[in-house]
Amino acid sequence: MRKSGTVAQINRDRCMVAIATDIGYTIIEVTPDWELDVGDLLAWEDGLHIGPTIYENLTRATRDGVFVRDHGVAGEALA
């Protein structure tokens, strides 16, 4: 099931990204050289998979391997 969301927060020191989705936030770890900005639209094919996978940045027409940490995280839990 294809999902998508908007980059809401980026912690460049930890290479962690919070993506706003319809079920809360998805937290991913990205490579330091993948260019992302708050507001970019990301999409992925494997729904609620945890672990390594490929995410697409539809705003910039790029894709990269990421490590998915969690899905459905509440906004209050974001640091």
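Start by selecting Asp22, which is exposed, with a relative accessible area of 66%; the model on screen is a predicted one, and every stop on this tour should be read in that light.

**From Asp22 to Lys3**

With Asp22 displayed, add Lys3, since the two form a salt bridge in which the closest N and O atoms are 2.9 Å apart. The partners come from distant parts of the chain, with Asp22 in the loop between strand E2 (16–21) and strand E3 (24–30) and Lys3 in strand E1, 19 residues away. Their surroundings are worth comparing, for whereas Asp22 is exposed at 66%, Lys3 has a relative accessible area of 11% and is therefore buried, the limit being under 20%.

**Arg2 and its two acidic partners**

Move next to Arg2, which counts as partly exposed at 41% relative accessibility, and show Glu45 and Glu56 together with this residue. Glu45 forms a salt bridge with Arg2, and the closest N and O atoms of that pair lie 2.4 Å apart. Here again distant parts of the chain are linked, because Glu45 sits in the loop between strand E4 (41–44) and strand E5 (51–57), while Arg2 belongs to the segment before strand E1 (3–11), 43 residues apart. Glu56 likewise forms a salt bridge with Arg2, with 3.2 Å between the closest N and O atoms. Since Glu56 lies in strand E5 and Arg2 in the segment before E1, this pair ties together parts that are 54 residues apart in sequence. Glu56 itself counts as partly exposed, at 24% relative accessibility.

**The charged network**

Now select Arg12, Glu35, Asp37, Asp40 and Arg60 as one group, which a network of salt bridges links together. Across the structure as a whole, the count of salt bridges comes to eight. As general background, side chains of opposite charge can pair when their charged atoms come close.

**The barrel**

Switch to a cartoon view and follow the strands in the order E1-E2-E3-E6-E5-E4, which make up a closed barrel of six strands with antiparallel pairing. Neighbouring strands of this sheet are turned against each other by 45° on average, direction ignored. For a closer look at one pairing, isolate E1 and E2, which run antiparallel and are joined by five bridges. Within that view, select Gln9 and look across to E2, where Ala18 stands opposite.

**The aromatic pair**

Which two rings should be selected for the stacked pair? The count of aromatic pairs comes to one, and its members are Trp44 and Tyr55, whose ring centres are 4.4 Å apart and whose planes stand at 5°, so the pair is stacked. Trp44 lies in strand E4 and Tyr55 in strand E5, so that the contact ties together parts eleven residues apart in sequence. Both Trp44 and Tyr55 are buried.

**Thr26 and what surrounds it**

Keep the two aromatic residues on display and add Thr26, which lies in strand E3 and is buried, with a relative accessible area of 0%. Leaving aside residues up to four places away in sequence, Thr26 touches Val17, Ala18, Ile19, Thr21, Trp44, Tyr55, Val68, Asp70 and His71, a list that includes Ala18, the residue opposite Gln9, as well as both members of the aromatic pair. Of these neighbours, select His71 in particular, because a polar contact of 2.9 Å joins its side chain to that of Thr26.

**The loop between E1 and E2**

From His71, draw a distance to Arg14, whose C-alpha atom is separated from that of His71 by 18 Å, with the two positions 57 residues apart along the chain. Arg14 has its place in the loop between E1 and E2 and counts as exposed, at 57% relative accessibility. Cys15 is found in the loop between E1 and E2 too, but is buried, with a relative accessible area of 17%.

**Two backbone angles to check**

Is Cys15 given a positive or a negative phi? Although Cys15 is not a glycine, its phi is positive, at about 55°. Most residues other than glycine have a negative phi. Ala61 also has a positive phi of about 55° without being a glycine, and should be selected last, in the loop between E5 and strand E6 (62–73). Whereas Cys15 is buried, Ala61 is exposed, with a relative accessible area of 73%.

Technical notes. Residues numbered from 1 in each chain as written. Predicted model: local features only at pLDDT ≥ 70, side-chain atom pairs only at ≥ 80, totals over all residues. Heavy atoms only, no water. Salt bridge = Lys/Arg side-chain N within 4 Å of Asp/Glu carboxyl O. Helix = DSSP H or I, 4+ residues; strand = E, 2+ residues; numbered from the N terminus. Buried < 20%, exposed > 50% of the residue type's maximum accessible area, 1.4 Å probe, protein only. Pairing = 2+ DSSP bridges. Axes fitted to C-alpha atoms, helices over the stretch in contact; angles between N-to-C directions. Phe/Tyr/Trp six-rings, centres within 6.5 Å; stacked < 30°, edge-to-face > 60°. Polar contact = N/O pair within 3.5 Å; in protein donor to acceptor, adjacent residues only side chain to side chain. Contact = heavy atoms within 4.5 Å.
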